[in-house]
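User: I've got a chain open on my screen and would like to talk through how it is put together. Can we go over it together?

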Amino acid sequence: MNKLESKEDYLERILMLSKKNGSVRSIDIAHDMGFSKPSVSVAMKKLRELKLINVDKDGLISLTDEGRLIAERTYERHTVLKAILIHIGVDEQVAEDDACKVEHELSEETFSKIREVYNNGKYRN
């Protein structure tokens with residue numbers, strides 16, 4: 001996994017966990033992603049340095065405006081791609097895994113066209 005993918009995956013996961021649980025700590029990310037706590041701590045330090053997250057005195061993680069934009073963009077790509085893959089007959093778990101891979105690599109032009117098709121309603125579950 002390249003650095004961009006990793007950054008986007010962490011930010012997307014923080015967004016998802018915050019929507020689900022209301023608050024997020026490093027241990028939540030570690031459990032959810034199946035990573036070690038030290039690995040997640042290193043990643044959170046890098047995201048903090050990039051000003052993509054904030055961590056308060058209680059260890060609660062929140063996205064900065066820039067971090068939220070990246071997370072929402074990644075989440076939208078993932079959601080749209082997964083829905084289309086499932087619609088065309090791909091197994092749900094395979095669609096989940098493939099959407100995770102592809103969401104990072106598509107150009108904005110290509111994703112924009114895929115989003116148009118999706119928004120027509122043809123591919124919604």
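User: Let's start with H4 and H6: is their crossing left-handed or right-handed?

Analyst: Keep in mind that this is a predicted model. The axes of H4 (residues 65-87) and H6 (residues 108-119) come within 10 Å. As for the hand of the H4 and H6 crossing, it is left-handed.

User: And how are H4 and H6 oriented to each other?

Analyst: Their axes cross at roughly 55°. Angles under 35 degrees would count as roughly parallel, and 65 to 115 as roughly perpendicular. The crossing angle of roughly 55° fits neither class, so H4 and H6 are oblique.

User: Which residues of H6 meet H4, and how does that contact divide by class?

Analyst: From the H4 side come Arg73, Glu76, Arg77, Val80, Leu81, Ala83 and Ile84, and they meet Glu108, Phe111, Ile114, Arg115 and Tyr118 of H6. By class, the residues of this H4 and H6 contact come out as 7 nonpolar, no polar and 5 charged.

User: What about Asn119, also in H6: how far is its C-alpha atom from that of Arg77?

Analyst: Asn119 sits in helix H6 and counts as partly exposed, at 44% relative accessibility. Arg77, in H4, is among the residues that meet H6. Asn119 and Arg77 are 42 residues apart along the chain, and their C-alpha atoms are separated by 12 Å.

User: H4 has a contact with H5 too. At what angle do the axes of H4 and H5 cross?

Analyst: H5 covers residues 92-102, and its axis comes within 8 Å of that of H4. The crossing is right-handed. An angle has to be over 145 degrees to count as roughly antiparallel, and this pair is therefore oblique. The angle itself is roughly 140°.

User: Which residues make the contact of H4 with H5, and how many of them are charged?

Analyst: On the H4 side it is His78, Leu81, Lys82, Leu85 and Ile86, and on the H5 side Glu92, Ala95, Glu96, Asp98, Ala99, Cys100 and Val102. In this contact of H4 with H5, 7 residues are nonpolar and 1 is polar, and the charged ones number 4.

User: Ile86 is on that list. How far apart are the C-alpha atoms of Ile86 and Ser6?

Analyst: Ile86 belongs to helix H4 and is partly exposed, with a relative accessible area of 23%. Ser6 is in helix H1 (residues 3-21). Along the chain Ile86 and Ser6 are 80 residues apart, and their C-alpha atoms are separated by 24 Å.

User: Sticking with Ser6, is it buried, partly exposed or exposed, and how far is it from His104 in space?

Analyst: Buried would need a relative accessible area under 20%, and Ser6 has 23%, so Ser6 is partly exposed. Ser6 and His104 are 98 residues apart in sequence. C-alpha to C-alpha, Ser6 and His104 are 9.6 Å apart.

User: Now for H2 and H3: what is the hand of their crossing?

Analyst: The axes of H2 (residues 26-33) and H3 come within 9 Å and cross at roughly 120°, so the two helices are oblique to each other. The crossing of H2 and H3 is right-handed.

User: Which residues of H3 meet H2, and what classes does that contact hold?

Analyst: Ser26, Ile27, Ile29 and Ala30 are the H2 residues, and they meet Lys37, Val40 and Met44 of H3. The contact of H2 with H3 has 5 nonpolar residues, 1 polar and 1 charged.

User: What is the phi of Lys51?

Analyst: Lys51 lies in the loop between helix H3 (37-49) and strand E1 (53-55). It is exposed, with a relative accessible area of 61%. Most residues other than glycine have a negative phi. Lys51 is not a glycine, yet its phi is positive, about 60°.

User: Zooming out, in what order do the elements run from the N terminus?

Analyst: The chain has 6 helices and 2 strands. From the N terminus on, the order is α-α-α-β-β-α-α-α.

User: Last one: what is the radius of gyration of the chain?

Analyst: The C-alpha trace spans about 45 × 30 × 25 Å along its principal axes, and 33% of the 125 residues count as buried. A compact globule with 125 residues would have a radius of gyration near 14 Å, and the chain agrees with that, at 15 Å.

Technical notes:
Residues are numbered from 1 along each chain as its sequence is written. This is a predicted model: local features need pLDDT of at least 70, side-chain atom pairs count only at pLDDT 80 or more; totals for chains, interfaces and linings use all residues. Side-chain values use heavy atoms; hydrogens and water are left out. Axes are lines fitted to C-alpha atoms, for helices over the stretch in contact, and angles run from 0 to 180 degrees between N-to-C directions. Helices (H or I, at least four residues) and strands (E, at least two) are DSSP runs, numbered from the N terminus. A crossing is left-handed if the near helix is turned anticlockwise from the far one by less than a right angle, and right-handed if clockwise. Contact means heavy atoms within 4.5 Å. Ala, Val, Leu, Ile, Met, Phe, Trp, Tyr, Cys and Pro count as nonpolar, Asp, Glu, Lys and Arg as charged, and the others, Gly among them, as polar. The radius of gyration is taken over C-alpha atoms; the globule rule is 2.2 Å times the number of residues to the power 0.38. Buried means under 20% relative accessible area, exposed over 50%, partly exposed in between (1.4 Å probe, protein chains only).
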